[in-house]
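Ready for a few exercises on reading a protein model? Grab a pencil, try each task yourself, and then check the worked solution.

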Amino acid sequence: MEQHDNVISQYTDRQAVEDGVLVAVSGPGGVNRVTRAVFDHFTRFLGNSPMKGPVIDITPLMEVITAIVDIPPDADGWRTGAYQDKMLWLLPNEIGGLTLMFPDDY
């Protein structure tokens, strides 16, 4: 009997961003997504603005992205490295960019 691999469900990039699992960013080197865990770890909440709501300092996150994007990719386009004693993966995503994540986020 021939066996087929049928997709039971698919979780799209759009759904992941809407659910907050992924955060859309505009980072160097084509990084356009980070996981919520990476975003929360490497950003700082500064307070609330009456006009715009939460104010987040993303400077530390951009520093991480810059450091990891400079690592040469392997044959599959993955980059792995550590930043501040945290292991990180940077890998190609379904929307033509790169996603930064902790290995536990995979």
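**Exercise 1. Is Gln84 buried or exposed, and what is special about its phi angle?**

Step 1: Gln84 comes out at 58% relative accessibility, so it counts as exposed. The cut-offs are these: buried means under 20% relative accessible area, exposed means over 50%, and partly exposed is in between, using a 1.4 Å probe and protein chains only.

Step 2: find its place, which is the loop between β5 and β6. Helices and strands here are DSSP runs numbered from the N terminus (helices are H or I with at least four residues, strands are E with at least two).

Step 3: look at the backbone. Phi of Gln84 is near 50°, a positive value in a residue other than glycine.

Step 4: check Asp85, which sits in the loop between β5 and β6. Its phi is near 60°, also positive in a residue other than glycine. Asp85 has a relative accessible area of 82%, so it is exposed.

Some ground rules before you go on: this is a predicted model, where local features need pLDDT of at least 70 and side-chain atom pairs count only at pLDDT 80 or more, while totals for chains, interfaces and linings use all residues. Residues are numbered from 1 along each chain as its sequence is written, and side-chain values use heavy atoms, with hydrogens and water left out.

**Exercise 2. How many helices and strands are there in the protein chain, and how do they run from the N terminus on?**

Step 1: count the elements, and you get three helices and seven strands.

Step 2: write them down from the N terminus on, which gives α-β-β-α-β-β-α-β-β-β.

Step 3: add the overall dimensions. The C-alpha trace spans about 65 × 35 × 25 Å along its principal axes.

Step 4: see how much is hidden. Of the 106 residues of the chain, 37% count as buried.

**Exercise 3. Which side chains do those of Asn32 and Thr35 make polar contacts with?**

Step 1: place both residues. Asn32 is in strand β2 (residues 31-35), and Thr35 is found in β2 too.

Step 2: check burial. Asn32 has a relative accessible area of 17%, so it is buried; Thr35 has 5%, so it is buried as well.

Step 3: find the partners. The side chain of Asn32 makes a polar contact with that of Asn93 at 2.7 Å, while 2.6 Å is the figure for the side chains of Thr35 and Asp105. (A polar contact is a pair of N or O atoms within 3.5 Å; within protein, one must be able to donate a hydrogen and the other to accept it, and residues adjacent in sequence count only if both atoms are side-chain atoms.)

Step 4: widen the view to contacts, meaning heavy atoms within 4.5 Å. Leaving aside neighbours within four places in sequence, Asn32 touches residues including Val23, Val25 and Ile95. With residues up to four places away not counted, the contacts of Thr35 include Val21, Leu100 and Phe102.

**Exercise 4. Which residues touch the most other members of the largest nonpolar core?**

Step 1: know what you're after. A nonpolar core is a set of buried Ala, Val, Leu, Ile, Met, Phe, Trp, Tyr and Cys residues joined through side-chain atoms within 4.5 Å.

Step 2: name the best connected. Among the 19 residues in the largest core, Val34, Leu61, Leu88 and Leu100 touch the most other members.

Step 3: trace the elements. Those giving two or more residues to this core are β2, α2 (36-42), α3 (59-69), β6 and β7, and α3 gives the most, with six.

Step 4: zoom in on Leu88. Setting aside neighbours within four places in sequence, its contacts include Val38, Phe42, Val64 and Leu100.

**Exercise 5. Where is Gly77, and is it buried or exposed?**

Step 1: locate Gly77 in the loop between α3 and β5.

Step 2: read its relative accessible area, which is 18%, so Gly77 is buried.

Step 3: list its contacts beyond four places in sequence, which are Leu90, Leu91 and Pro92.

Step 4: compare with Ala75, found in the loop between α3 and β5 (79-83). Ala75 has 84% relative accessibility, so it counts as exposed.
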